[in-house]
Amino acid sequence: MSRRERFSGRDRYIHRRHSANQSMRNGLLVVDVQQDFVEGGSLGVKGGMQVAAMIARHVRHFRNEYQFVVASRDLHEDAPEHISDHPDFSTTWPPHCMVGTPGAAFVPTIQNLVREKYIQAVVTKGRHEAAYSAFEAVDVRGHKLLDVLKENRIDHIDVCGIATDYCVRASALDARKNQFQVRVLVNLCAPVNEDTGQQALEEMKAAGCQVQAATAP
Ligand code: VGL
Ligand code: ZN
């Protein structure tokens with residue numbers, strides 16, 4: 001029985017993920033792990049700081065598994081449909097990640113990864129509009145995330161970050177729409193709301209994302 005026959009369909013996919021398959025190019029997308037989205041921030045989610053620390057650990061532990069690591073950030077200047085002084089916390093939000101404010105910065109554990117080049121690219125979104133998906137973001141050259149991923153010949157993406165029910169969800173769904181294999185590292189994500197977070201995980205599964213816990217010690 002050939003290797004291909006033994007590991008058919010889903011089993012082959014899972015097998016590949018646990019072996020060093022030279023043909024796979026794996027990317028990691030770290031979504032919006034910024035000061036305003038963790039405890040103490042203007043839109044802090046519960047568990048955000050813990051998730052930031054666990055992501056940093058994951059990136060360092062699995063550095064040889066990823067050919068490319070990219071972090072997105074939300075960065076607003078004037079996004080009137082998105083930001084309100086009377087937010088409903090589902091379509092409008094308090095001011096957050098405003099240009100030039102400390103809340104827009106990556107959490108220090110993540111900024112260290114940028115400084116040490118574990119994170120090779122940063123993509124930015126939302127200057128003048130709501131932009132939940134990292135696929136709306138551009139790098140320092142103005143290149144869209146999709147083009148940056150193609151440039152790096154990535155075909156599989158692991159997704160983690162904040163918030164599960166908003167930017168992680170939108171990014172993972174866009175990754176599937178763009179034909180990537182997607183794994184959502186569920187324990188490296190934190191939701192705004194527990195119930196919409198659970199709904200988002202179901203939606204991502206229905207769209208063909210694997211939802212798995214990361215296993216760094
Ligand atoms: C986000 C609400 C508003 C996110 C961004 O990163 O999930 N959520 N802007
Ligand atoms: Zn925002």
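Does R153 count as buried or exposed, and how many C-beta neighbours does R153 have inside 10 Å? R153 counts as exposed, because just 10 C-beta neighbours sit inside 10 Å. Keep in mind throughout that this is a predicted model.

**View 1. R153 takes a positive phi in a loop.** R153 isn't a glycine, yet its phi is positive, at about 55 degrees. You'll find R153 in the loop that links α5 (145-151) to β4. As for its surroundings, R153 is exposed because its count of C-beta neighbours inside 10 Å is 10, and the cut-off for exposed is 12 or fewer.

**View 2. C97 also has a positive phi, but in a buried spot.** Here phi is about 45 degrees, and again the residue is not a glycine. C97 belongs to the loop between β2 (68-74) and α4 (108-115). There are 26 C-beta neighbours inside 10 Å of C97, so C97 counts as buried; the threshold for that is 20 or more.

**View 3. T101 sits in the loop between β2 and α4.** How exposed is T101? T101 comes out as partly exposed, because 15 other C-beta atoms lie within 10 Å. Look across to Q35 as well: T101 and Q35 are 66 residues apart along the chain, and their C-alpha atoms are separated by 9.8 Å.

**View 4. Eight names to look for around ligand 1.** The ligand is surrounded by D32, F37, D74, W93, I162, A163, Y166 and C167. Sort that shell by type and you get six nonpolar residues, two charged ones and no polar ones.

**View 5. A cis peptide bond joins I162 to A163.** Omega for this bond is near -5 degrees. A163 falls in the loop between β4 (156-162) and α6 (164-177). Both I162 and A163 also turn up in the set of residues surrounding ligand 1, so it's worth flipping back to View 4 with this bond in mind.

**View 6. V30 in the largest nonpolar core.** This core has 60 residues, and V30 is among those with the most contacts inside it, along with V33, I55, I110 and V159. Helix α3 (residues 48-61) supplies the largest share of the core, seven residues. Which residues does V30 touch, leaving aside those up to four places away in sequence? The partners are I55, A71, I110, I119, C160 and G161. As background, nonpolar side chains tend to be buried together in soluble globular proteins.

**View 7. Helix α3 and what it packs against.** The helix has 14 residues and reaches 20 Å from first C-alpha to last, close to the 20 Å expected at 1.5 Å a residue. Its buried residues are G48, M49, V51, A52, M54, I55, A56, H58 and V59. These pack against β1 (26-31), β2, α4, β4 and β5 (181-190).

**View 8. Stepping back to the whole chain.** The protein chain has seven helices and six strands. Starting from the N terminus, they run α-α-β-α-β-α-β-α-β-α-β-α-β. The chain is 217 residues long, and 43% of them count as buried. Among contacts with a separation of 6 or more, 74% come from residues 24 or more positions apart. On confidence, the average pLDDT is 92, with 90% of the residues scoring at least 70. Residues 1-20 are where to be wary: pLDDT there is below 50, and the stretch has five contacts in the model beyond near neighbours in sequence.

Methods
Residues are numbered from 1 along each chain as its sequence is written. Chains are lettered from A and ligands numbered from 1 in the order in which they are written. This is a predicted model: local features need pLDDT of at least 70, side-chain atom pairs count only at pLDDT 80 or more; totals for chains, interfaces and linings use all residues. A residue is near a molecule or strand if its C-beta atom, placed from the backbone, lies within 6 Å of it. Ala, Val, Leu, Ile, Met, Phe, Trp, Tyr, Cys and Pro count as nonpolar, Asp, Glu, Lys and Arg as charged, and the others, Gly among them, as polar. Helices (H or I, at least four residues) and strands (E, at least two) are DSSP runs, numbered from the N terminus. Two residues are in contact if their C-beta atoms, placed from the backbone, lie within 7 Å. pLDDT is the predictor's confidence in each residue, from 0 to 100. A nonpolar core is a set of buried Ala, Val, Leu, Ile, Met, Phe, Trp, Tyr and Cys residues joined through C-beta atoms within 7 Å. The expected span of a helix is 1.5 Å times one less than its number of residues.
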